[in-house]
Amino acid sequence: MFTRMLEQTVQIVSNERDTDSYFRLVMRAPQIAPLIQPGQFAHIHVLPMKDALLRRPFSIFQVEGDTFSILYKTVGKGTEVLSQMRAGEELNVIAPLGHGFTVPKSGGETPLLVAGGYGMAALYLLAQRSPQKGIVFVGGRRRVDILCEKEFRALDWDVRVTTEDGSHGEKGIVTKPFFVELGRKELNRKVFACGPTPMLKAVGGIAKEFDVSAELSMDEHMCCGVGVCLTCVIPVKTGDGWEYQRSCTEGPVFDARKIAWELLK
Amino acid sequence: MNLSIQIGTLKLQNPVMAASGTFGYGVEYARLVDLNQLGAVVVKGIRLEPVSGNPTPRTVEVASGLINAIGLQGPGVDGFIKKYWPFLKGLKVPTIINIWGTTVEEYAEVARRFDALGGVGALELNVSCPNIKEGGAQFGTDVKLLAQVVSACRKVTKLPLITKMSPNVVSIAPYAKAAEDAGSDALAITNSYPAMAIDIETRKPKLANVTGGLTGPCIKPIAVKLVWEAAKAVKIPIIGMGGIQNAADAIEFLMAGATAVAVGTANFYEPQTVLQVIAGIHEFMQRQGIKDVKEITGSVHAGK
């Protein structure tokens with residue numbers, strides 16, 4: 001019923017600016033790293049932040065040896081303080097958490113990934129561990145919002161970039177080339193996506209239109225991260241209705257067809 | 001050195017519990033915390049039927065605090081017994097079940113069901129949740145209704161009854177006395193404070209429920225004062241709670257008059273808090289040469 005998780009104080013190996021307001025943070029966590037599955041997250045207590053209480057959840061980006069990393073954007077006080085931390089400083093981490101992506105079996109479906117902004121980070125391990133290479137559609141507002149393109153190319157994946165201002169790749173939104181690709185109706189494909197909720201809703205809708213199964217990593221506001229506080233719930237269809245399920249525990253990855261979108265704010 | 005205390009007929013190995021609503025049904029934290037070290041586990045509020053809770057956003061962080069409006073999402077009595085009781089009854093420490101209803105009769109029926117279950121440590125009557133339209137605080141802010149709920153539950157069970165008091169009253173003393181007179185074995189003080197936060201850009205409330213209940217370190221001094229006032233009004237033990245982050249916070253509650261304490265919001269960011277509080281009380285007693293934790297209760301030199 002439960003995946004294994006650990007609470008540990010870990011040391012920062014590096015914390016460097018990626019592009020613009022995005023940062024890459026690598027932590028040494030020899031016991032946590034081997035447990036991590038694609039799509040899971042780490043709940044991080046930014047120890048120097050005294051008046052803000054809560055941990056901050058981050059999708060896990062890469063796992064290398066005894067380290068794992070996250071890719072984050074400075075959006076508020078927590079990430080601002082985090083971005084100023086240096087190698088050698090400590091963070092308290094609960095990880096790995098959540099129900100992640102289903103990694104395709106060898107000879108199974110071809111994965112099509114759709115990422116918006118830093119959603120790309122949550123999809124990297126899945127791409128790395130998938131026996132079949134696929135296509136990744138990545139979108140952002142500007143060139144600087146397109147992250148880890150190089151890493152996906154290094155995995156020898158087909159990377160299709162869109163930017164809203166046309167500064168990199170195709171001009172437009174990411175769901176457009178994705179829609180065109182699904183329209184080719186090739187068999188045995190599966191969709192995996194991470195990004196802002198409106199993008200995920202559109203991806204789920206397109207996948208449904210072409211009758212392709214889709215797993216979506218939902219980006220909900222979280223508090224405890226371990227299933228207790230019931231902050232991060234989303235409405236999920238059940239046999240005869242719907243119920244609130246926890247993004248931190250039953251998710252963050254949900255089957256797109258099970259989400260009760262009409263009830264989701 | 002003795003850390004054990006007693007709530008009615010219930011003996012606890014130490015005075016530190018995990019507060020209702022912040023520790024799920026125990027099982028969620030079992031992978032991070034040795035639950036058998038706790039004084040007791042208090043589970044999230046349960047009424048007869050399953051409850052889907054409020055729309056999201058349900059929580060918002062504020063300076064040194066958290067406002068929540070979860071709306072008592074829960075599995076109902078049957079769902080709880082099926083899904084969570086098999087785990088909880090296997091623990092060596094008692095489970096305290098937090099119960100609520102929308103009518104006096106429902107409180108009594110839920111109390112009866114848990115009495116019949118066998119193996120429950122105590123019942124905590126939630127008459128103070130600010131986030132539901134019916135039930136909760138409506139019973140905790142009316143002395144007569146409060147007495148009715150407590151005595152209706154008293155009639156159907158011999159289990160220790162703990163009344164979880166609302167802070168949202170002019171003076172807590174008459175409410176504390178009413179709960180004691182109606183047969184409550186202990187008081188839990190306190191629940192969250194009604195509160196609100198606004199996003200100034202969108203001019204919308206930050207919670208879907210508009211208002212919620214404030215908890216966390218920012219409420220601790222007002223909760224300590226409530227415990228101090230209630231302790232002067234009643235003879236039954238008080239379980240103090242509100243913003244406890246460490247042993248020093250817990251000891252303040254004990255000195256104000258609490259017999260036991262509960263850790264709430266801190267569980268959300270540091271699941272080890274309960275264990276750290278227990279260790280810290282032990283260390284304090286050693287340092288001050290205190291042999292029994294009960295000596296700390298009410299020991300503040302307030303001169304009144």
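In which loop of chain B is the place of Pro57(B)? Pro57(B) sits in the loop that runs between strand S4 (40-46) and S5 of chain B, and I start there since the bond leading into that residue is one of the points I would like us to look at. The model on the screen is a predicted one, and the predictor gives the complex an ipTM of 0.93 together with a pTM of 0.94, while chain B averages a pLDDT of 96, with 100% of its residues scoring at least 70.

As background, most peptide bonds are trans, and most residues other than glycine have a negative phi. The peptide bond from Thr56(B) to Pro57(B), however, is cis, with omega near -5°. In chain A, a cis peptide bond joins Gly251(A) and Pro252(A), where omega is about 15°, and Pro252(A) lies in the loop between strand S15 (241-246) and strand S16 (253-255).

Turning to phi, Ser64(B) has a positive value of about 55° although it is not a glycine, and this residue is found in the loop between S5 and strand S6 (65-68) of chain B. Ser64(B) counts as partly exposed because it has 16 C-beta neighbours inside 10 Å.

Finally, let us consider how the chains meet. The contact takes 24 residues from chain B and 22 residues from chain A. On the side of chain B that touches chain A, strand S5 (59-62) and helix H9 (266-269) each supply at least two residues, and the residues of that side divide into 11 nonpolar, nine polar and four charged.

Definitions and conventions: Residues numbered from 1 in each chain as written. Chains lettered and ligands numbered in written order. Predicted model: local features only at pLDDT ≥ 70, side-chain atom pairs only at ≥ 80, totals over all residues. Contact = placed C-beta atoms within 7 Å. Helix = DSSP H or I, 4+ residues; strand = E, 2+ residues; numbered from the N terminus. Nonpolar A, V, L, I, M, F, W, Y, C, P; charged D, E, K, R; others polar. pLDDT = per-residue confidence, 0-100. Buried ≥ 20, exposed ≤ 12 C-beta atoms within 10 Å, placed from the backbone.
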